Structures are given as C-alpha cells and as structure tokens.
Amino acid sequence: MILQLTVAVPVLVAALLAAAGRWLPRLVVDASAVLAVGAVIGLATVTLLRSPHRAQVTWLGGWGPSSGVGIPLAADPLAAALALTTAVLTLAALVFSWRFFTEVQAIFHTLMLLFLAAMCAFVYTGDLFDAFVFFELMSVVAFALTGYRSEEPSTVHGALNFGIIASLGAYLTLAGIGLVYARTGELGLAAIGRHLAGTGRGDALVTAAFVLICTGYLVKAAAVPFHFWLADAHAVAPTPVCVLFSGVMVELGVYGVARTYWTIFDGLVPTGAIAVLGAAAALLGAVMCVLQRHIKRLLAYSTISHVGLLLVGVAVKTPDALAGSAYYLAGHAGVKGALFLGAGALLNRHETVDEHDLRGRGRGMPVTSAIFLLGAAGLAGLPPSGLWAGHSVTEHAAEQLGWWWFTPVAIVSSALTAGAVLRVWLRVFRGAPDDDPAKGPDEGHEGPETRTILRTLPWTMVTPGAVLMAGALLIGLLPGGPVATAAAMFADREGYAGLVLDGRVPHPHATPADPWTIPGLAGSALSLVLAVLIAVHALRRSAAGPPRFALLHPLRTATDAAARRLHALHSGHIGDYAAWLTAGVAVLALLTSSL
C-alpha cells in the first residue's frame with residue numbers, strides 16, 4: 001500500500017488543486033502542495049528503511065505474478081533513495097517558489113505534483129511498458145512546465161524543441177518495447193529478464209531492442225548527441241523547475257538505462273557504446289559550460305557533463321561502479337539544485353542571469369555567494385561531497401576494468417565545470433560593479449519571473465539552497481557498506497526477479513565502497529587546483545584584451561573559431577536537432593554491435 005500512496009497522494013492533491021485552486025487563497029495552495037510532498041518524503045523514507053530487509057512490492061489491481069498480466073511496483077534500496085531525492089528536491093523548489101512567484105496560479109503546483117508522481121512511479125515500476133507510460137507522463141508535464149511563461153516566444157521555442165526531440169526518442173523506445181514483447185511475450189522487467197537469461201545469448205533483435213529502448217532514456221539523460229534540447233529548455237523554464245530538471249529528471253534517464261540493462265540485457269549486449277557517449281557528453285558539456293555567460297545555460301551544460309560521467313559509471317557494469325554512481329547522483333542533485341536556486345535569487349534581484357551584466361552586483365547576497373563558491377568546490381570534488389565520493393569509487397572500479405581513461409576525463413570535465421562556476425562567483429560576487437571590458441551585449445536579460453523585486457531575500461528563498469548544498473557536501477560521509485549493498489542488490493538480475501516475482505529480498509555479498517583512497521583524494525586536489533586556474537585565466541583573458549605576444553594570436557584565433565563552431569552546432573533549429581538524434585541512433589547501434 002505504501003508504494004501506491006507514494007504515487008497517489010500527489011496525484012490526488014494535484015487533482016484537487018486543478019479543480020478548486022482558482023478559488024483557494026494562495027497560502028492554502030502553497031501549504032497543500034508542500035504537505036503533499038512532505039507526505040511523499042515520509043513514505044519514501046519508510047520505504048528506504050524497510051527495503052533492505054522486507055520485500056517492498058505491490059501488484060496493482062490485485063493481480064499477481066501468476067496471472068502474467070500484473071503491473072508491479074517494486075522498491076529496492078537504490079530506487080527508494082532516488083524517490084526520496086526526487087521528493088526532497090521538489091520540496092525545495094516549492095518552498096523557494098513561495099516568495100519567488102508573488103503571483104502564480106494553482107496550475108503550477110498541480111504540474112509540480114504530477115511531475116513528482118510521474119517520477120516516483122517511473123522509479124518504482126517493474127513493468128517495461130508502464131515505465132514508458134510514466135516516463136512520457138513526466139515528459140508531458142515537463143513540456144508544460146518549460147513553457148509555463150508562454151507569453152514569451154523564446155519560452156515557446158525552448159518548450160517545442162524539448163517536446164519534439166523527447167517525443168522522437170519516445171517513439172523509438174516504444175518500438176524497442178515492441179521488439180522485446182515480440183521475442184518474449186512479456187512486459188514485466190523481471191519476467192523478461194528471466195526469459196532472456198534462459199536463452200543465454202543476445203542476437204540482432206535483442207541488440208536492436210536495447211538500442212531503441214535506451215535512445216529515449218539517453219535523450220532525457222542529454223547524452224551526446226541527444227543533448228541539444230537541454231540548454232534551450234533550462235534557459236527558459238522557471239527557476240524552480242530547473243531544480244528538478246537538472247537535479248533529478250535528467251538523472252532519471254541514466255536510471256532508466258541502468259534499470260533496463262541490469263534487469264533485462266545484462267550479459268546479452270555490451271555497454272561500451274554507453275561509455276563512449278557518456279565520455280563525449282562529459283567533455284563536450286564541460287567545454288560548452290566554460291563558453292557560456294548565461295548562468296542558467298552554463299549550469300545546464302554542466303549537467304550534461306556530469307551526467308555523462310554518470311553514464312560511464314553505469315557502463316562499467318560492476319556493483320562497485322554503481323555504488324559510486326549512487327554517491328555521485330545524490331551529490332550532483334544537491335549541488336545543482338542549490339546552484340539553480342542561487343541563479344533564481346540573482347534573477348529575482350537583478351532581472352538578468354548574464355554573468356557580465358551581473359559583475360559585482362552580487363556583493364550584497366552573502367548566502368547566494370556562499371552557494372556559488374561551495375557549488376564550484378562541490379563540482380570539482382571537494383571531500384567529503386557526494387561528487388568526490390562518486391568519483392573516487394567509480395574511478396577505482398573503472399581502473400580495475402582497464403578503463404584508465406576515465407580518471408583524466410573525470411578530472412578535466414570536473415575542473416572545467418567547476419572553473420566556470422568559480423568564474424561566475426569571482427565576477428558576480430567579488431568583482432567591482434563597473435564596466436567589464438568583455439561585457440558586450442546582455443545575453444541573459446529576462447522578464448522577471450516574479451513581479452516584485454525583493455531587496456532582501458526571505459528565508460524561503462535562502463534556506464532551500466543552503467540545505468541542499470550542505471547535504472550534497474556531506475553525502476560522502478555516508479557509510480560505504482549500505483551503499484555497496486544497495487548497488488549489489490540493484491545489479492543482481494536474478495535477485496530483482498526474485499524480489500518482484502517471488503517476494504524474496506536478495507542479500508548479496510558486497511564489499512563496502514570506500515572513497516577515502518589516496519588516488520581519490522589526489523584527483524580531488526588536482527580538480528580543485530585546475531578549477532581555480534581555469535577561473536583566474538578566464539578573468540585575466542577577458543580583462544587583458546588581445547594577447548601581447550604575436551605567437552599567441554594564432555592560438556587565440558583558433559580557439560575562438562572552435563568556440564564559434566561549437567555554438568553554431570547548438571543552433572536552436574529543431575531540424576538540426578532531429579538530424580543529430582538520427583545520427584546518434586546510428587552511432588549507438590554501430591558501437592553496440594561492434595564493441
């Protein structure tokens with residue numbers, strides 16, 4: 001019953017707000033939404049505490065596994081922890097919106113609650129087709145939230161790009177589900193896994209099904225070259241919505257790939273293609289992050305980079321790497337959620353998120369300043385943050401597999417994204433409020449998301465970001481034993497089948513994941529040093545103007561030309577994005593069949 005309530009409570013409250021919200025006082029609407037999310041947090045916490053010891057499985061409609069048509073909701077510890085993370089970020093976004101939106105209709109709260117319900121249902125469902133249904137419900141609500149300020153043309157454009165590309169990916173996922181059903185006659189993840197495991201082989205149809213199913217998830221995960229929609233959507237979506245987009249929605253795409261692989265395709269298809277796309281996303285996202293001056297776009301490209309590292313962790317295919325990915329996901333969710341709330345505070349106060357236009361104007365915002373500084377340190381992997389713990393554990397697992405390249409990719413991408421955020425902190429919160437030589441035209445001026453500019457930020461806009469950041473920086477202190485055990489349970493295909501179909505809780509042997517290693521600490525220190533150098537160099541480069549030495553002119557010209565080409569690739573044209581999606585499917589299929 002507890003799993004149904006986790007999904008049903010926000011849906012019921014959303015329905016009530018949709019029906020009566022226009023007649024209710026704003027305080028009642030806000031309180032109702034927050035109480036509903038609080039209930040989900042409580043239910044998810046209970047589920048997380050029970051899941052290592054008692055089977056948390058519910059068959060909807062009273063059908064059971066013997067019927068062959070039942071739809072299960074199942075919660076292992078990692079799924080329950082992800083549902084809890086989703087609910088906590090939703091609570092932070094709603095509390096932040098109390099004063100951020102001085103005027104907001106109840107439809108906003110309705111959409112946020114439906115978004116939460118869809119994400120929790122997607123995490124818990126044990127049925128492949130219903131995972132698609134809940135994933136698409138999540139997408140539809142996300143489209144509406146992206147285009148919430150529909151009076152602005154750029155908002156409509158970003159929402160349409162998001163909607164069309166995500167829909168194309170969804171069609172391919174549905175085609176892959178059809179192939180799996182044609183082969184097995186099953187839609188339950190556990191039942192499909194047992195059926196295919198019995199065959200002991202993977203063939204062209206199985207490979208095609210894996211590629212098609214994962215395409216939709218990789219679109220949502222913003223893996224290269226499926227990533228183009230993300231920055232456009234983040235740039236126009238309301239700031240509280242961006243907290244959920246970057247903090248958890250994109251990560252759910254990674255979760256979809258991981259859950260589908262471990263329950264169905266483990267041992268039948270290789271994951272090298274996922275690793276290649278993840279590494280490409282990590283590096284390209286990091287470079288694009290450094291090139292941005294629109295802070296919300298900068299943070300969006302940072303998300304692409306770090307989600308790429310998550311994908312590589314999944315592709316390693318070991319419980320140890322999965323444990324590292326769990327640390328990493330939780331840390332990234334907190335850091336990125338806090339940074340977007342900080343960007344929202346800047347937007348409310350100054351009506352712009354252009355880094356150059358904000359030069360020195362954040363000096364009177366000490367809490368927001370601390371969030372950006374700590375966020376930069378967190379992205380670089382400051383111990384004991386979740387990002388640091390995730391790096392350390394995953395790098396060790398990758399090296400055991402012979403993937404020596406993962407460590408330099410992780411260090412470079414983390415340093416670049418952290419350096420970009422640190423540059424924002426130095427310019428906005430420490431710079432002098434005077435003319436910037438590199439300022440140029442304002443790229444981030446937006447119509448205010450709230451009609452009242454708050455000269456003093458209330459606690460509702462300060463506390464959520466501070467709490468998220470504190471949690472993200474302390475997650476690495478969680479004991480490695482439970483995390484490793486949760487990862488081993490997630491990666492145990494027969495154990496998951498036993499949980500769902502037989503009601504047996506798996507108890508795999510797991511070695512505690514220990515992030516406190518010398519290589520992990522050394523990698524963190526190197527990332528932090530590189531991030532500082534990148535930030536300082538960027539500020540000096542913009543202040544110094546053209547290079548004084550003639551030999552440096554060709555290098556500066558070449559880098560500027562490369563930057564222009566990268567910007568041109570991200571054109572904002574839906575036709576270009578659809579072409580890249582098509583090419584990405586072909587590349588994914590080619591790599592999966594050949595690696």
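In the predicted model, helix 14 is followed by G381, a residue with a positive phi near 95°. Helix 14 itself (366–380) comprises 15 residues, and its end C-alpha atoms lie 21 Å apart, in agreement with the 21 Å that 1.5 Å a residue should give. Buried positions in helix 14 include T368, S369, I371, F372 and G375, and the run A376, A377, G378, L379 and A380 is buried as well. Beyond G381, the loop between helix 14 and helix 15 (386–401) holds P384. The peptide bond joining P383 and P384 is cis, with omega about 0°.

A second cis peptide bond runs from V224 to P225, where omega is near 5°. P225 belongs to the loop between helix 8 (204–221) and helix 9 (228–236). The loop between helix 8 and helix 9 also contains A222, a residue other than glycine whose phi is positive, near 60°. A222 counts as buried because its relative accessibility is 0%, and the limit for burial is 20%. Most residues other than glycine have a negative phi, and most peptide bonds are trans.

Positive phi values are also found at the ends of other helices. K317, just after helix 12, takes a positive phi of about 70°. E351, which is not a glycine, has a positive phi of about 60° and is placed in the loop between helix 13 and helix 14. With a relative accessible area of 27%, E351 is partly exposed, whereas A222 is buried at 0%.

Helix 12 spans residues 295–315, 21 residues in total. The distance from its first C-alpha to its last is 30 Å, close to the 30 Å expected at 1.5 Å a residue. Helix 12 is mostly covered, with 20 of its 21 residues buried. In the adjoining sequence, helix 13 (319–350) contains S325. S325 has a relative accessible area of 8% and is therefore classed as buried, the limit being 20%. Apart from its neighbours within four places in sequence, S325 is in contact with L310, G313, V314 and T394. Of these partners, L310, G313 and V314 fall within the residue range of helix 12, and T394 falls within that of helix 15.

Helix 12 and helix 13 also contribute to the second largest pocket, each giving two or more residues to its lining. The second largest pocket encloses about 1000 Å³ of space. Its lining consists of 40 residues, and those nearest its centre are A81, T85, A326, A330 and L478. The other elements that give two or more residues to this lining are helix 3 (77–100), helix 10 (239–265), helix 17 (459–474) and helix 18 (480–491). By class, 34 of the lining residues are nonpolar and six are polar, while no charged residues are present.

The largest nonpolar core has 199 residues. F115, Y124, L218 and F265 are the members that touch the most others. Helix 10 gives the most to this core, with 17 residues. L218, leaving aside neighbours within four places in sequence, is in contact with A223, F226, V257, I274, L277, L311 and L588. Among these contacts, V257 lies within the range of helix 10 and L311 within that of helix 12.

Two further positions were examined in helix 6 and helix 20. Y181 is found in helix 6 (residues 153–184) and is partly exposed, with a relative accessible area of 45%. Beyond its neighbours within four places in sequence, Y181 is in contact with E186 and L187. Y181 and F129 are 52 residues apart along the chain, and their C-alpha atoms are separated by 9.6 Å. G520 is placed in helix 20 (residues 518–544) and counts as buried at 7% relative accessibility. Not counting residues up to four places away in sequence, G520 touches W388 and S392. Both of these residues fall within the range of helix 15. G520 and A144, 376 residues apart in sequence, are 41 Å apart in space, C-alpha to C-alpha.

Terms used:
Residues are numbered from 1 along each chain as its sequence is written. This is a predicted model: local features need pLDDT of at least 70, side-chain atom pairs count only at pLDDT 80 or more; totals for chains, interfaces and linings use all residues. Side-chain values use heavy atoms; hydrogens and water are left out. Helices (H or I, at least four residues) and strands (E, at least two) are DSSP runs, numbered from the N terminus. The expected span of a helix is 1.5 Å times one less than its number of residues. Buried means under 20% relative accessible area, exposed over 50%, partly exposed in between (1.4 Å probe, protein chains only). On a 1 Å grid over the protein atoms alone, a cavity is a set of points where a 1.4 Å probe fits but cannot get out, and a pocket is an open set with protein on both sides within 12 Å along at least five of seven lines; lining residues have an atom within 4 Å of a point. Grid points are joined across faces, edges and corners, and a volume is the space filled by probe spheres set on the points. Ala, Val, Leu, Ile, Met, Phe, Trp, Tyr, Cys and Pro count as nonpolar, Asp, Glu, Lys and Arg as charged, and the others, Gly among them, as polar. A nonpolar core is a set of buried Ala, Val, Leu, Ile, Met, Phe, Trp, Tyr and Cys residues joined through side-chain atoms within 4.5 Å. Contact means heavy atoms within 4.5 Å.
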